[in-house]
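Reader: Please choose one part of this structure and take me through it closely. I would also like to know how it connects to what lies around it.

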Amino acid sequence: MSRVSIRGLVKRFGPAVAVAGIDLEIADGEFVVLLGPSGCGKTTTLRCIAGLEGLAEGEIRIGDQVVSRPGYALPPERREMGMVFQSYAIWPHLSVAENVAFGLKLKKLPAAEIRDRVARALDLVGLGRYGDRGASQLSGGQQQRVALARAVVLEPGVLLFDEPLSNLDAKLREKMRFELRQLQQRLGITSIYVTHDQQEAMVIADRVVLMNGGRIEQMGGPIELYQRPKSLFAAEFIGLANILPGTVASSSDGGTTVSAGALALHSADTGFRAGQRVTAICRPENLRVSIDRPEGPNAWQARLDLSYFLGNIADVYLSVGDVQLRGQLSPPETWAPGKSLWVQMPPDKVILLPDEAMPAQ
Ligand SMILES: Nc1ncnc2c1ncn2[C@@H]1O[C@H](COP(=O)(O)OP(=O)(O)O)[C@@H](O)[C@H]1O
Ligand SMILES: [Mg+2]
């Protein structure tokens, strides 16, 4: 069983708290991504799971076996985990096949078995014909695949990734995301993947664990996290958001009305009370912009301040009185700034967060 169970994990470096209490259950075969800004404790958490760091508090189990607790850590090489890092750590003087075979030779497996397993691992990452090449002759993307083959060939119970695609150029990074995802699904290996790139997280993850300041801010499937952020931090870190501070005017089972600057904003969200301070969130792509007045609620006359044509969409900034809103229009309109337009926010696309959910400044 390669279930990973993390309970009450705390890690300090001297007086500094890098991980401030994390509880996380990762199911067998699940692909979990630790996402968050630089310094939020992702790498430290991963290193604790790998056994490269000891814990101050808490416990880590693999299956039913405790592998880390304060004062005890099963050594990394006995955890049956494969690791892939940002720097590929490929040995340039060895061939591709020798790089991949390295761990198996350490285990003193029979030569024929090593040959078979290396061939299979290289096929898996699409490098079946590159075994005899010198590793230094490969491109960055190919080297990263060698690193992946080297981890997979050991048939680990868990794969750990720390920003493995960060050194690749944008196009290749995007392609490798899909490849990694497909490979993981084929192998079914429990995987824990660290990145600060929200799009990468969305593509790869079964479940995204959003971290902030050494803690878990929110976790869930990519769609849930995007559509139902539970805090301003989550709303701003994942995707773009119009953020409108306001006060609840009225709330009933049918929805809530908020006054936010010039706007009387209707949201389908319920469970608020009049006078409560809230923050309304609306994703730019959910803004509807039209020349004619639309039917329905939450429609205002607006002035187009700025418009950027981005090919597939137009990124637009509109003013409604003192409130500026950002929209992303698809298909892209090419209206000139200064144009008078209508803007509408469907109430079911207006997310309300009580102000308690805002992090202390
Ligand atoms: N070896 C270390 N010694 C001291 N502080 C560290 C060490 N490793 C990490 N930290 C600190 O712990 C915090 C979390 O770091 P890290 O886990 O690397 O974050 P992330 O991977 O999310 O960018 C940061 O404040 C970082 O400076
Ligand atoms: Mg890191």
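Author: Let me begin with a term that will come up often: a residue is buried if 20 or more other C-beta atoms lie within 10 Å of its own, exposed if 12 or fewer, and partly exposed in between, with C-beta atoms placed from the backbone. You are looking at a predicted model, in which local features need pLDDT of at least 70 and side-chain atom pairs count only at pLDDT 80 or more, while totals for chains, interfaces and linings use all residues. Residues are numbered from 1 along each chain as its sequence is written, and chains are lettered from A and ligands numbered from 1 in the order in which they are written.

The part I would like to look at is helix 1, with the ligand and sheets around it. Helices (H or I, at least four residues) and strands (E, at least two) are DSSP runs, numbered from the N terminus. On that basis the chain has eight helices and 21 strands. Its C-alpha trace spans about 75 × 45 × 35 Å along the principal axes, and 38% of its 361 residues count as buried.

Now to helix 1 itself. Eight of its nine residues are buried, so helix 1 is largely enclosed by the rest of the structure. The buried ones are Lys42, Thr44, Thr45, Leu46, Arg47, Cys48, Ile49 and Ala50. Just after the helix comes Gly51, with a positive phi of about 90°.

What surrounds ligand 1? Taking a residue as near a molecule or strand if its C-beta atom, placed from the backbone, lies within 6 Å of it, the shell consists of Phe13, Ala16, Ala18, Gly36, Ser38, Gly39, Cys40, Gly41, Lys42, Thr43 and Thr44. Strand 2 (16–26) and helix 1 (42–50) are the elements that give two or more residues to this shell. Helix 1 supplies the largest share, three residues. For classes, Ala, Val, Leu, Ile, Met, Phe, Trp, Tyr, Cys and Pro count as nonpolar, Asp, Glu, Lys and Arg as charged, and the others, Gly among them, as polar. The shell then holds four nonpolar, six polar and one charged residues.

Next, the sheet on which the helix rests. Two strands pair if DSSP finds at least two bridges between them. Five strands form an open antiparallel sheet in the order 2-1-4-5-6. Strand 2 and strand 6 (72–73) are its edge strands, each pairing on one side only. Strand 5 (residues 65–69) and strand 6 run antiparallel and are joined by two bridges, with Tyr72 in strand 6 as the bridge partner of Arg69. Helix 1 packs on this sheet, touching strand 1 (4–13), strand 2, strand 4 (57–62) and strand 5, and its direction makes about 120° with that of strand 1. Two terms stand behind that: residues are in contact if their C-beta atoms, placed from the backbone, lie within 7 Å, and axes are lines fitted to C-alpha atoms, for helices over the stretch in contact, with angles running from 0 to 180 degrees between N-to-C directions.

Strand 3 (residues 31–35) belongs to another sheet, so let us turn there.

Six strands form that open sheet, ordered 7-8-9-3-10-11, and the pairing is mixed. Strand 7 (81–85) and strand 11 (215–220) stand at the edges with a single partner strand each, so one side of each is left without a neighbour in the sheet. From one strand to the next, the twist averages 15°. Strand 3 pairs with strand 9 (residues 190–195) in the parallel sense over five bridges, and there Val33 has Tyr193 as its bridge partner. Strand 3 also runs parallel to strand 10 (residues 207–212), joined by four bridges, with Leu34 opposite Val209. Strand 10 in turn is joined to strand 11 by five bridges, antiparallel, and Val208 has Gly220 as its partner. These two strands form a hairpin with two residues between them, where Gly213 in the turn has a positive phi of about 55°.

One last residue uses our opening definition: Val96, which is found in helix 2 (residues 96–106). With 26 C-beta neighbours inside 10 Å, Val96 counts as buried. Beyond its neighbours within four places in sequence, Val96 is in contact with residues including Leu122, Tyr130, Leu138 and Val146.
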